[in-house]
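Okay, thanks for coming, everyone. I'd like to spend a few minutes on pockets today, so let me put the structure up.

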Amino acid sequence: MERASVWSRYRKVRALTESLAKPLSDEDQCVQAMADASPTKWHLGHTSWFFETVVLRQFWPELPVYDEQFLYLFNSYYESLGPRQPRPQRGLITRPSVAQVNAYRSYVDEHIHEFVHRCDASLWPQALQAIELGLNHEQQHQELILTDVKYLLHQNPFATEYCPEGEPFVFSPQPTSAVKPEWLHFAGGLHAIGHDIAHEVNHFCYDNETPRHSVYLYPFELANRLVTCGEYLAFIEDGGYQNPSHWLSEGWSAVQAGNWLAPLYWKQNTEGHWRVFTLHGEQPLDLNQPVAHVSYFEAAAFASWANARLPREAELEVAFGEEEGGKATGLQQAFGACWQWTCSSYDAYPGFKPFEGAVAEYNGKFMVGQLVLKGSSCVTPEGHSRASYRNFFPPSARWQFSGIRLARDL
């Protein structure tokens with residue numbers, strides 16, 4: 001790849017991160033609303049730490065470290081790279097200031113620019129892989145900035161918004177028609193899943209998407225669209241959160257412990273009308289929008305109530321791959337609406353090998369107690385979606401833009 005193109009892509013990705021922080025005050029950027037979320041300031045520092053650590057310190061070792069304290073403050077979970085600020089306490093990092101973190105970003109950008117143009121040709125292929133990983137990593141944090149900020153602003157006792165709709169962003173999945181979903185048929189047999197490095201236009205993938213391998217599927221059906229808020233409201237009004245018969249045992253315990261009555265961000269006003277908190281402020285519930293911010297437990301309970309089930313990871317990957325390949329399957333909202341829960345555990349593929357070096361800890365160490373989500377959401381950055389992508393969260397997670405697609409056995 002041309003080095004000028006690499007630098008152009010780098011600047012585009014980094015500029016988007018900064019534009020996502022722009023609507024936020026310094027106070028907004030410092031607060032951690034819960035242990036699973038991180039302050040925006042920490043995201044800004046961590047993504048810069050990643051480029052300094054994985055690119056600059058590896059391939060330009062004589063370059064001095066920017067600040068030894070930053071190595072501690074902005075490490076996330078890399079045991080091989082030393083101690084770090086405990087994750088639940090990232091909101092206590094009042095210093096360095098937002099301005100100092102942005103100065104750190106500028107320092108890293110300046111030296112990545114110099115490195116891209118001075119790197120020895122013999123090291124460039126390996127360095128390019130590290131830069132590409134850093135860019136995809138930053139895109140993941142762009143999505144996390146928005147999901148974490150949404151949860152943070154929702155805690156504010158007064159109605160607030162991240163930004164007005166369309167100024168400059170629109171972070172709402174497009175509504176669907178109110179017609180009943182259609183059931184699309186998919187053939188059983190052997191299917192290949194995993195990133196196809198030889199045939200993908202974008203050759204980058206995470207280690208957990210490999211190796212490509214064959215799985216056997218029984219014939220199945222998928223709903224052509226995601227479950228809507230109106231359909232989920234029918235589940236609520238039918239006593240879905242009061243009837244344990246549709247819930248997994250652990251899910252029912254979560255309902256009781258959390259006093260869940262509806263998806264995260266939904267509330268009913270005194271007149272009985274449902275409203276929903278969005279990044280653009282509180283709005284009336286749109287019954288035709290896909291339901292979002294549901295846990296795996298809620299998704300599985302709804303599927304049981306609807307006489308269906310949640311898809312398996314391989315089923316969605318096969319269906320999304322056919323859609324990506326130009327086959328007219330009739331599938332809607334594969335990407336860009338909501339991440340879609342599957343009933344598949346987040347496990348290693350046969351023959352899985354993690355990245356080498358420090359980034360070997362990137363994905364593999366989390367392969368226990370989590371479930372796979374497929375597709376992408378309305379806050380996923382452009383160009384960061386593909387059929388083989390494996391998102392993963394614990395089954396109780398609700399603050400992500402997670403939705404529901406139904407499946408059935410044939």
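I'll go through two pockets, one after the other. Keep in mind that this is a predicted model.

Let's start with the largest pocket. Its volume comes out at about 1,300 Å³. There are 47 residues lining it, and if you want to find the centre on your screen, look for Gln-129, Glu-132, Leu-133, Asn-136 and Phe-204, which lie nearest to it. As for elements, the ones that give two or more residues to this lining are α1, residues 3–21, α3, residues 40–59, and α6, residues 124–154. Which of them gives the largest share of the lining? That's α6, with 11 residues. And what is the lining of the largest pocket like by class? We get 25 nonpolar residues, 13 polar and 9 charged.

Okay, on to the second largest pocket. Here we have about 940 Å³ of space. The lining is made of 37 residues, and the ones nearest the centre are Arg-87, Leu-144, Phe-392, Phe-393 and Trp-399. At least two lining residues each come from α3, α6 and β10, and β10 is the stretch 391–393. Once more α6 gives the most, this time 7 residues. By class, the second largest pocket is lined by 17 nonpolar, 13 polar and 7 charged residues.

So if you take one element away from this, take α6: it has the largest share of the lining in the largest pocket, and it gives the most to the second largest one. That's it from me.

Key
Residues are numbered from 1 along each chain as its sequence is written. This is a predicted model: local features need pLDDT of at least 70, side-chain atom pairs count only at pLDDT 80 or more; totals for chains, interfaces and linings use all residues. Side-chain values use heavy atoms; hydrogens and water are left out. On a 1 Å grid over the protein atoms alone, a cavity is a set of points where a 1.4 Å probe fits but cannot get out, and a pocket is an open set with protein on both sides within 12 Å along at least five of seven lines; lining residues have an atom within 4 Å of a point. Grid points are joined across faces, edges and corners, and a volume is the space filled by probe spheres set on the points. Helices (H or I, at least four residues) and strands (E, at least two) are DSSP runs, numbered from the N terminus. Ala, Val, Leu, Ile, Met, Phe, Trp, Tyr, Cys and Pro count as nonpolar, Asp, Glu, Lys and Arg as charged, and the others, Gly among them, as polar.
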